[in-house]
Every structure is written in C-alpha cells, then in structure tokens.
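Hi,

Here is the structure for you to look at. Please open it first, then read my notes below.

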Amino acid sequence: MSVLVKKEEIRLLSGNEAIARGAFEAGVKVASAYPGTPSTEILENFVRFEGVYAEWAPNEKVAVEVAIGASMGGVRALAAMKHVGVNVAADPIFTVSYTGVRGGLVIVTADDPELHSSQNEQDNRHYAVAAKIPMLEPSDSFEAKEFTRLAFGLSEKYDTPVFLRTTTRISHAKGVVRLEEPAGPAFPPGFTPDPAKWVMLPVNAKRRHAVVEERTKALREFAETWDGNRIEWGDRSLGIVTSGVSYQYVKEAFPEASVLKIGLAWPLPERLFREFAAGVSRVVVVEELDPHLEMHVKALGIPAQGKELIPIVGELDPRIVRQAITGEAVPVRTPEPVPPRPPNLCPGCPHRGLFFALKKLKVTVTGDIGCYTLATLPPLGAMDSCICMGASIGNAHGMEKALGPDGAGKVVAVIGDSTFLHSGVTGLMNVVYNRGISTVILLDNDITAMTGAQENPATGKTLNGEPTRRTDLPALCRALGVEHVYTVNPHDMKRTEALLRREVARPEPSVIITKAPCALLPEHRRRKRPVYEVIADLCTGCKACSRLGCPAIEWLPFTPEEAVAAGKKAKQKGMARISPLLCDGCNQCPPLCKFQAILEKKS
C-alpha cells in the first residue's frame, strides 16, 4: 500500500536505524546497551538524536537495570543487546516482569540465526514465554520502527516490559521507513514510592504474579484483534503461518498462498490460528530456528507441518522455503567463485605476538569472546576453549582445581579488556578468594574491537565521545587481591615470552596486561610507522615468519625462472614477501628471522 508523504519524511533505514528512530519518536529519554552484533548500531544511531541520554554499560545486566531505573523514574527507556546478552540480563528481566513499569520499558533482543558472529544460535522467543513478557517481532525496517513505537504504548498500557525481537537480516537489511515527530512524555518524570509494586519481597511478589497472569489474559485479547497479527487470504489450498523475516521469504516463495502473519510472538492469538486453519486445506508453519509457533499451533489440536519440512538450523531463504514445502528442487544461481579468505587477526594486531608466544609455551589456553578468539585457527592454534563472555578465568580456575598439582603451570586464561569488565572481574576475584594459582592474561587494546570499536569503561570515553574517568585495570586487579600484576607491550616478542614463562610457573595468581592499541584505531593509523620488507638475498625460505599468520606476510614459491636466478639457493623453493600496503610496522616479524632478512623498508 503506497503512502503519500513528503520526500523528506521517508528514509531508507536498516532495522537497527529504524529501531533507534522509533525509540526517538516514542519519546525515549534513556537508553543503555552493551555492544554486540547484530544489535550494536541501535545505540550508535540513537545517541545522535537531540534531548536523549544513551550509554554503553559494562554488560547487559547493568544495561537493563539502568533502563528499569529510568522507567521507575517515569521516562520511557530502552535496553538493547544481542541474543546471548539476554542470558546475562535474565535476572532483572524476570523480576521486572513482576514489578511492571511506570515509563514504557522495551528490551531489544537481536537474535543471530546462522551464527554470523555468535557462539550459539538460541531462539529468544522462549524468553518471552518463560518471563511472561509480550514480544513483538517486525518483518522489515518499516515494522521495526512502527513496532518500537507501539511497544512503548503497550508497555505503559499493560504495565509490562516489552521485548522487541529482531534477527540479523532485520537488523542489517534496509527498507523504506516513514519518519514522524517525536511524542511528548505521557506524564511528568518522577518516582512514586510504592513498595508493593517495586520491592519484590516474597509477599509482594506473590501478589504481583497474579497481576502478571491477568495481564497475560488481556494481552491475549489484544493479540486477537491487533492488525499486526493478520490473515492475508490467497490460494486456500496452502496456508502458511509465519513471522519476522520468514514472512518475507514466504511472500517471495509463495506469493499466491494464504498467509497468517504473526507480529506478536507472545502471547499468541489462538482464535486467529483456528480461523486461519479452518479456511485452508493445508497448514505449514515457517519460522527460523525453534518450532515456537508450530508448537502452539499443534497444542491447539490443529494439524500442521513445520520442522519436519523446514530446517531447524540456520537462516532460511525463499529457495529453502519453497523447496521444503513443495519437495521440488529449486534451481540455484551459481555465484562467481570467490577465493577463500579465512578469518584472521588484522596486520599489526597486538594479540598475534602474545598467542605466538603462548603456542611456544604449549600451555592450555582457556579463551573468551573477542577478536582474539581467532587465535584458535591455524597457524597460531593457541586457544583451547571459548564458552561465553567472562568464562575464561573461571574455566582456567576450574581446570587447575581438577588437575591438581599436575596442572600447575599448564593452564592460562586469556580475556579482553571490555570482556573483563563485562563479566571477568568476578572470575578473577574467585581465583584469589579460593586460593587459585591461575595466570590471567588481560588483552588491553584500548577499545571494544570485535563489535566495531566501541568505547568501554577502560577507554576513558563515553558512547558520545565525552571524556570520563578511565578504569585503571592494574589497580583494579590489585584491589581484587592479585599481588603480581604486570604490563607488557605484546609487540615486544622476547619480553612478552619471558614474562609469560616466569608468571605461568609462579605458584600464585598473577595478571599480565598486554597493552597496545587496536591496529584499526584512527589515532593508531595516523601515526608514522615503519614498513618492513624481505631482503631477497638473505631470505632462505624457511617460513618462520609465516607462522605468525600475519596477512601482510605471504610465502610464494619460485617460478622456474626465479629458481634458476636464485643461484646459490637452488634448493630453496620460494621466499617470503611482505605487502607494503598491509604492513602495519608492528615489529613482530623481524625478531623471528634468524637470518635478519626482514628489515625496515627504505623510503
């Protein structure tokens, strides 16, 4: 349906940009988040609007608690995170379901089917059911903005937090969005004491639970009549129940079919399900990941097909949907072949030197979430586990306790600066408290690098770039009781290795902070740095420098002509080369060449 508006009133926005705009139009005053793909751009865009407050919190639990406090204070508030962030924030989320809200409160969960940048593929619609919180699920950028606005209205009307669920495709795909003026506050800010509502002692929580159940009944009625849940009648031989981005795939794969589009993922419209099923010959439920809709459709006694046809793993697309339902092979357009490009640490990454040294030590490395997780891959191959944010320190401590004396000096934990402040501090506290001896390596590269260079409490800047107090990481570690805290430049390969060998052997807890900026930081890129080259007459083709895994270094075999020209190196099959365009001048590779074939390139 076309909408007649002025040109300046429509924009092409990503789902994340649309959510930020929807929050602004809804009158949100406070937003808090921890960066995590695919949700990061929500706050990066929201902070640009006038008259709002936005912050990066140390973790998702804190972000939700800040948003709850703002809601209690009478303003509309938003908390945003990726799907695994909801695991971290689950404690306050489940309780705020009971307390309800004052100002509207919306929690964005950005799920990641296909695990583009995540450690699992969980379906957070289950959180809506478990926490008894309504969940809206947009299917494009237009709905992302409109549903965000609606969510705040529902939150205040039904005295409830509201989930807004997106997925990677919704978050990052662009679509046409209509811009509107921001709404004014529904009531003046201010906190009204009400212990029966806000203080969740058991006696109060019991009463609030009953309120939650009544609220859910009212929301079920809303689900039956809201036009975001709608039947689109077409060919009645096939009826498809779907939601979110899967709706777009269904409309492309089966434009003629009847469709029941679900925009409120919880609670679900039972009467609408029955009406739709009664009007079609065959019901198929199409949804990414878990059979959330399918389970509830079948619980109503409606014969339906779902995950016996539709894959339960990974993202869908129109071809997969059509082939799954028809059973017919759908031609696939063969793309042009692309040379394989395995993920790798950037040229000049300070983490590379550290993991090169750890591999030489042959210790077990319990790792964490960050760019440095790539050190698991060849040729470094120097990380042995990665569970979740902050798990590395607890994992190392547990392994040390399990192995006993045999494990001394054989296990280290590796964690980034932002991840340490997110959920590693308590793990280190536990090591000290429970008389552990683990060595913890804290990778401080001055930024939250993996999600796109966001600030954190250790960078000295806020989300909007304002200067602030910088968390002193060495002082924090000492305050937790670690007596042996050392800082080293990881580009200094020899000193880093020597320090590692000494501290890993120490029968006490210690922290090594590797301090060097991310190679992609603008201030680092602007600095004048040397560029290195390989001197052909000195290179023996031993490949020692290649073991760093630096993208700037390549080992190229000789052509027959080059082999002849090599003369005295007739047995040599090739040599290393350093790309002057990629070299960052980090100085990690020269010490590895015992033939001194890597030197600064003369200008």
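How much area does the chain expose, and what share of it do carbon and sulfur atoms supply? The chain exposes about 27,400 Å², and carbon and sulfur atoms supply 57% of it. Accessible areas come from the Shrake-Rupley method with a 1.4 Å probe, and for residues only the protein chains shown count as cover.

This is a predicted model: local features need pLDDT of at least 70, side-chain atom pairs count only at pLDDT 80 or more, and totals for chains, interfaces and linings use all residues. Residues are numbered from 1 along each chain as its sequence is written, and side-chain values use heavy atoms, with hydrogens and water left out.

Now the overall size. The C-alpha atoms fill a box of roughly 85 × 60 × 55 Å, taken along the principal axes. Of the 603 residues, 53% count as buried (under 20% relative accessible area, 1.4 Å probe, protein chains only).

Next, the inside. A nonpolar core is a set of buried Ala, Val, Leu, Ile, Met, Phe, Trp, Tyr and Cys residues joined through side-chain atoms within 4.5 Å. The largest has 63 residues. Phe355, Leu358, Phe420, Leu428, Val511 and Ile578 touch the most other members. Helix α14 (residues 350-361; helices are DSSP runs of H or I, at least four residues) gives the most to this core, with 6 residues. A second, separate core of 41 residues includes Ile93, Met135, Phe163 and Leu268.

Look at Leu428 too. Leaving out residues up to four places away in sequence, Leu428 touches Ile393, Phe420, Val440, Cys477, Leu480, Val482 and Val511 (contact means heavy atoms within 4.5 Å).

Best wishes

Technical notes:
Buried < 20%, exposed > 50% of the residue type's maximum accessible area, 1.4 Å probe, protein only. Helix = DSSP H or I, 4+ residues; strand = E, 2+ residues; numbered from the N terminus.
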